[in-house]
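Colleague: Please pick one spot in this model and give me a close look at it. Start with the residue itself, then work outward to whatever it connects with.

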Amino acid sequence: MEVIRYNLSIDDCNVIVRADPEINVGITEVVKYELEQVPGQPGYLGEYNYLTIHYKTIYGTILCGRYFMKSLPYHDSVLTKAVEEWGVFRKEAELYSKLFHKFERNPNKVIKWVPNCMLARSHLLVMEDLTSAGYRTTEFQNSLNKQHMQLVFDRLAQMHACSLHYEINHLEGKTIESLYGDKILYETTFTPTSGWFVAGLKGIQKVALERNHHSKDPLKKAIIEDQLWTNLERIYTLAESTNEFRSVVVHRDLWVNNIMFKYDQTGDMLQEPNDCILVDFQLARYLPPAVDYLSALYLLTDNAQRTEHVEKYDEYYYNSLQRKLTLLGLNGSEILPWKEFSKTLEHYRLLALVWTGVLHGFVNFPKGLLDRLHREDPQTYTRMSMENRDDFVMKYYDSDRFYRDRFNDIVTELVEYLFDFR
């Protein structure tokens, strides 16, 4: 019964194992397949399972392969309807099936930055199981260090370089936006009609007015009250595609659960990652590379780390992009001069600050809270997800230190950036 719900068949499983680049023996038939729910809450917009496929080889032996399977969130009819309306699942499936497989994959030129995808449909994705290869997400409420961040910036640079290479070398003067913008790289989230997103903006405003230390000054509070919302809504314009700057396919949704790290087993498991892969491309767009770089910077670090390393991080990402473009036979300094990159850093800083505030106000609730609420009180979960979560924001701002520190960190930087508060 469970299998039927996902519309997964033996024929699908045959397609999956034959598309798996890790299988190096002949396959005669799939014998059976099994599903096992992924523990915890790896994401919010789908159902997540491990898929094990048992298949017979030409030598008569029975082997098996394990995969990661993501489907529509059938456990929640309201969420399923919203995800279908937003088009986020279809977007990711089509990115894998119609765009990413066209990007350069030669290991002599490209470092792997995205998982292999064996089956991509509008309701179902089957990808390699990165956990079997030793990748994992970071522990909940754990900060990333300089080594983590450099890996993230490097893989983002690789993704962006592959996007530029494909556009310049294969599209005959056309842009990715002109061919795929309306079909794949459409906006799903940064809109005034997205209840989830607007609830996030409300949370930022609530904290800025009622908890941030700048609001204790009556003059500053009046400014926040009068001008913050209008500035928050500038994100809608910033999220639109642009002809002013060179653009690429960007990820945008770079919170910690969408990045999987691999560690040297002989080293410190938390401090010494040696590889990382980007996952979950449901919010991808066609925008300047700075959008991804800044989103990662603000989402994955705190103010102290940014203050100490930001200039070096700017240079690290940019130099990494240049090296990867060179390996692909392109002149990076002509494609994206440092002067233009620097200009985009300032142009899109507000987008990254606001987006970080929206995400920090939702994904940093205490571990298990959203999953438990979803199961025990779905009506409240739907309300706080899609309409207004101010009561949850204030409750956990006051009671959970990590939630408070991360949210206050970004709200403080946001109001200081907007209004030059000191």
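Modeller: Let's start at Glu 128, which is buried at a relative accessible area of 16% (buried means under 20% relative accessible area, exposed over 50%, partly exposed in between, with a 1.4 Å probe and protein chains only). Bear in mind that this is a predicted model: local features need pLDDT of at least 70 and side-chain atom pairs count only at pLDDT 80 or more, while totals for chains, interfaces and linings use all residues. Numbering runs from 1 along each chain as its sequence is written, and side-chain values use heavy atoms, with hydrogens and water left out.

Glu 128 pairs with Lys 112 in a salt bridge, 2.5 Å from N to O (that is, a side-chain nitrogen of Lys or Arg within 4 Å of a carboxyl oxygen of Asp or Glu). Lys 112 sits in the loop between H4 and strand S4 (117–121), and Glu 128 in strand S5 (residues 124–128), so the bridge ties together parts 16 residues apart in sequence. Helices (H or I, at least four residues) and strands (E, at least two) are DSSP runs numbered from the N terminus. Unlike its buried partner, Lys 112 is partly exposed, at 37%.

Now follow the chain to H4, spanning 88–98. Glu 94 is in this helix, and Glu 94 is also buried, with a relative accessible area of 16%. Leaving aside residues up to four places away in sequence, Glu 94 touches Leu 99, Lys 183 and Ile 184 (contact being heavy atoms within 4.5 Å).

That takes us to the domains. The protein splits into domain 1 (10–128) and domain 2 (137–419), with bounds from an automatic or database domain assignment. Their C-alpha centres lie 26 Å apart, and the contact takes 33 residues from domain 1 and 40 from domain 2. About 3,300 Å² is buried between them, with carbon and sulfur atoms giving 63% of that area (accessible area lost on being put together, 1.4 Å probe, summed over both parts). The rule finds 1 salt bridge across this interface. Lys 70 does form a salt bridge with Asp 280, with the closest N and O atoms 3.7 Å apart. On the side of domain 1 that touches domain 2, H3 and H4 are the elements giving two or more residues, and H4 gives the most, with 9 residues.

Just before H3 there's Pro 73, in the loop between strand S3 (62–71) and helix H3 (77–86). Pro 73 is buried at 0%, and its contacts beyond four places in sequence include Leu 45, Gly 46, Leu 79 and Val 83.

Back to salt bridges: the structure holds 25. One of them joins Asp 398 and Arg 211, closest N and O atoms 2.8 Å apart. Asp 398 is in helix H17 (residues 390–399) and Arg 211 in the loop between helix H7 (195–210) and helix H8 (218–232), so this pair links parts 187 residues apart in sequence. Asp 398 is partly exposed at 45%, and Arg 211 is partly exposed at 30%. Another bridge, Lys 343 to Glu 244, has its closest N and O atoms 3.9 Å apart.

Methods: Buried area is the accessible area (1.4 Å probe) that two parts lose on being put together, summed over both.
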